[in-house]
Amino acid sequence: MKPDIHPDYHFITVTLPNGSSYQTRSTYGKEGDNLALDIDPSTHPAWTGGNQQIMDRGGRVSRFNNKFGGFIKK
């Protein structure tokens with residue numbers, strides 16, 4: 001590896017909104033820094049596959065489905 005071109009990879013503490021925390025390696029901040037998350041990945045729909053809605057603005061989804069509907073297996 002070339003010297004001085006790679007970021008420093010070190011341990012940080014990640015604190016979840018419920019107060020629990022864990023240590024991981026990251027390039028964030030400096031050694032021993034704390035990263036406080038605003039969103040809890042154990043309950044947020046983006047990570048848990050929760051209810052999702054597709055908003056059809058101006059018929060974009062319908063046009064896409066009409067154009068490529070034959071490729072989608074149901």
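This is a short tour of a predicted model, stop by stop.

**Stop 1: the hairpin.** Start by selecting residues 10–15, which make up strand β1, and residues 21–26, which make up strand β2. These two strands run antiparallel, and six bridges join them. Now pick out Ile 12 in your viewer and look across to Thr 24 in β2, which stands opposite. Next, look at the five residues between the strands of this hairpin. Click on Gly 19, and you've found a residue with a positive phi, near 100°.

**Stop 2: a charge over a ring.** Show the side chains of Phe 11 and Arg 25. Where does Arg 25 lie relative to the ring of Phe 11? It lies over the face, at 5.4 Å from the ring centre.

**Stop 3: two rings on a helix.** Move on to helix α2, residues 60–68, and show Phe 64 and Phe 68. They are four residues apart in this helix, so about one helical turn separates them. How many aromatic pairs does a search of the whole structure find? Just one, and you're looking at it: the ring centres of Phe 64 and Phe 68 are 5.0 Å apart. Their planes meet at 45°, which is why the pair counts as tilted: stacked would need under 30 degrees, and edge-to-face over 60.

**Stop 4: out on the surface.** Keep those two selected and turn on the surface. Are they buried or exposed? Somewhere in between: Phe 64 is partly exposed at 45% relative accessibility, and Phe 68 is partly exposed at 31%. Finally, add Phe 71 to your selection. Together with Phe 64 and Phe 68, Phe 71 forms a nonpolar surface patch, with about 350 Å² of accessible area for the three together.

Key
Residues numbered from 1 in each chain as written. Predicted model: local features only at pLDDT ≥ 70, side-chain atom pairs only at ≥ 80, totals over all residues. Heavy atoms only, no water. Phe/Tyr/Trp six-rings, centres within 6.5 Å; stacked < 30°, edge-to-face > 60°. Buried < 20%, exposed > 50% of the residue type's maximum accessible area, 1.4 Å probe, protein only. Lys NZ or Arg CZ within 6 Å of the ring centre and 35° of its normal. Patch = residues over 30% accessible without salt bridge, like charges linked within 9 Å, V, L, I, M, F, W, Y side chains within 5 Å. Areas by Shrake-Rupley, 256 points an atom, 1.4 Å probe, with all protein chains shown as cover. Salt bridge = Lys/Arg side-chain N within 4 Å of Asp/Glu carboxyl O. Pairing = 2+ DSSP bridges.
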